[in-house]
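The exercises below are meant to be worked with the sequence and the structure side by side. Try each task before reading its solution.

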Amino acid sequence: MNTSSQDSALSSLRHWLDQRQDRVAALQGDLTAFRALGPENGGEGELAKALYIEDCLRACGVGDIRRLDAADPRVPSGLRPNVVARIPGRSSRTLWLFAHMDVVPPGDPALWHSDPWQVVRQGDLLMGRGVEDNQQGLVSMLLLAEALHACGITPERSLGLVFMADEECGNDYGLAHVLERHAALPEEQRFLRADDLYIVPDSGSPTGADIEVAEKCLCWLKVGISGVQCHASTPHKGRNAFVAGAAAVLACMELHKDFPRRDALFDPPCSTFVPSRHDANVPSVNILPGHDRFYVDCRLLPGVEPEHVLDAARRRLTAVAEHHGVGIDVAIDHCQRASETAADSPVVAALRRAVTDIYQVEARPVGIGGATVAALLRRQGLPAAVWSCIDSTCHQPDEHSSITATLKDAQVFAHVLMQR
């Protein structure tokens with residue numbers, strides 16, 4: 001396809017997508033009604049939603065659909081579905097797009113202005129649980145497949161679509177399982193290649209200008225304090241673990257002094273150390289607690305090793321333990337390593353061109369403190385970028401997404417797909 005034909009095909013795709021506002025609303029309404037909650041959140045998983053997605057793909061002529069399911073006896077079907085679809089292009093080099101099917105619970109229904117499981121349309125906005133996280137990206141992916149079929153266009157690159165389970169609760173039954181199955185295949189049968197392009201539409205900014213290329217290391221510290229329990233009326237007979245724990249919290253907040261490096265790619269541009277969860281200690285007010293436990297959410301810049309943070313925490317907490325006459329144990333409770341994609345990689349360059357053309361903004365690479373499935377791809381040597389145009393209302397009451405942004409996001413993906 002020459003440049004003129006390429007431009008004409010992209011123009012056709014963009015025009016078709018521009019007319020699909022009602023289709024966005026219909027897809028969002030159907031998808032939200034499935035209540036695709038994982039078993040950790042009291043749900044039955046994503047199978048019904050996955051079957052609906054497969055039907056949508058077959059209806060627009062997608063023939064290459066495979067399932068890479070993970071066994072899970074906690075859900076009625078006994079499995080967590082992962083759908084991988086591929087639409088061949090003129091080149092075998094593939095643009096891969098990833099969306100997760102599971103959602104989080106709505107929380108307190110009194111905080112919503114409508115039923116979280118029934119999509120409400122208010123002008124350009126759609127409100128409901130999951131409409132942004134991650135159904136905006138998911139719908140954009142389905143619409144792109146529908147656009148190619150309706151316009152009869154063979155794209156320059158092949159298109160790969162991955163619909164995953166279990167993103168909200170750890171990915172073990174989702175992309176981690178898909179990558180494990182992929183790695184077990186004979187090399188000639190593996191479908192993810194290092195020179196393919198990988199985009200995860202699961203984070204972004206309201207203007208569409210931010211292309212996420214790096215994520216901080218997520219490291220959770222668990223701090224346990226062992227004192228001596230006694231009656232609260234005789235505090236001299238005990239060692240108050242709660243009081244020592246409060247001092248330990250303040251000590252952990254000083255960890256930023258041990259790791260002062262800054263990186264302007266991130267906001268905030270530094271490693272952060274935030275005491276967050278505190279476990280219950282004693283059941284009654286008149287008991288001086290002999291045990292206490294809290295957690296510190298650490299988000300570490302690339303290059304800051306979690307083991308070094310653990311060592312620094314132990315040094316600071318040793319002084320607290322000695323001062324209060326208690327024992328303090330600190331350990332890493334959970335860790336997801338930092339990940340990076342080169343800011344000048346082909347996927348970032350292609351995205352920057354597409355975003356500039358579709359959204360008329362100057363796209364820029366950024367880093368975030370959160371975690372996405374892009375980290376799993378990067379650890380496999382697959383250079384992934386995270387991008388979408390969203391208001392970031394995920395996990396909130398009255399979660400919403402924009403119909404216009406959903407269609408424009410699909411146009412961005414079409415632009416990348418049609419680039420040589």
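**Exercise 1. Determine which element gives the most residues to the lining of the second largest pocket, and then place that pocket with respect to the domains.**

Solution. Begin with the lining: β18 gives the most to the second largest pocket, with 4 residues, in a model that is predicted rather than determined by experiment. Next, take the volume, which is about 270 Å³. The lining comprises 16 residues, and those nearest the centre of this pocket are D210, D267, V366, G367 and I368. The elements that contribute two or more lining residues are β10 (210-215) and β18 (364-368). Sorted by class, the lining of the second largest pocket holds 7 nonpolar, 5 polar and 4 charged residues. Finally, because domain 1 (3-215 + 339-418) and domain 2 (217-336) both give residues to this lining, the second largest pocket lies between them.

**Exercise 2. Describe the largest pocket by its volume, its central residues and the classes of its lining.**

Solution. The space in the largest pocket amounts to about 750 Å³. Of the 31 residues that line the largest pocket, E167, E168, G370, A371 and T372 are the closest to its centre. Turning to the elements, at least two lining residues each are supplied by β11, β16 (327-336) and α9 (374-379). The class count for the largest pocket gives 10 nonpolar, 13 polar and 8 charged residues. As to location, the largest pocket lies between domain 1 (3-215 + 339-418) and domain 2 (217-336), because both domains give residues to its lining.

**Exercise 3. Find the strands that β15 pairs with, and decide whether β15 is mostly covered or open.**

Solution. Start with burial: strand β15 covers residues 291-300, and 8 of its 10 residues are buried, so that the strand is mostly covered. Then look for partners. Strand β11 (residues 217-226) is joined to β15 by 10 bridges, and the two run antiparallel; in this pairing, V223 has F294 of β15 as its bridge partner. Strand β13 (residues 272-278) is joined to β15 by 5 bridges, again in an antiparallel arrangement, and here the bridge partner of P275 is V296 of β15.

**Exercise 4. Explain why C298 and C335 are not in disulfides.**

Solution. Recall that a disulfide is a covalent bond between the sulfur atoms of two cysteines. The cut-off needed for this step is that the two sulfur atoms lie within 2.5 Å. For C298, the closest cysteine sulfur is that of C219, at 5.0 Å, which is too far for a bond. For C335, the closest cysteine sulfur belongs to C217, at 3.8 Å, and this is also too far for a bond. In keeping with both results, a search of the whole structure finds 0 disulfides. The surroundings of the two cysteines can be added: C298 counts as buried because its relative accessibility is 0%, whereas C335, at 30%, counts as partly exposed.

**Exercise 5. Establish how many cavities of 30 Å³ or more are found, and which residues line the largest cavity.**

Solution. The search of the whole structure finds 1 cavity of 30 Å³ or more, and the space in the largest cavity is about 30 Å³. The largest cavity is lined by D64, R66, V84, A85, R86, W96 and F191. Both β1 (64-67) and β4 (83-87) supply at least two of its lining residues, and β4 gives the most, with 3 residues. By class, this lining has 4 nonpolar and 3 charged residues, and no polar ones.

Notes: Residues are numbered from 1 along each chain as its sequence is written. This is a predicted model: local features need pLDDT of at least 70, side-chain atom pairs count only at pLDDT 80 or more; totals for chains, interfaces and linings use all residues. Side-chain values use heavy atoms; hydrogens and water are left out. Buried means under 20% relative accessible area, exposed over 50%, partly exposed in between (1.4 Å probe, protein chains only). Two strands pair if DSSP finds at least two bridges between them. On a 1 Å grid over the protein atoms alone, a cavity is a set of points where a 1.4 Å probe fits but cannot get out, and a pocket is an open set with protein on both sides within 12 Å along at least five of seven lines; lining residues have an atom within 4 Å of a point. Grid points are joined across faces, edges and corners, and a volume is the space filled by probe spheres set on the points. Ala, Val, Leu, Ile, Met, Phe, Trp, Tyr, Cys and Pro count as nonpolar, Asp, Glu, Lys and Arg as charged, and the others, Gly among them, as polar. Domain bounds come from an automatic or database domain assignment.
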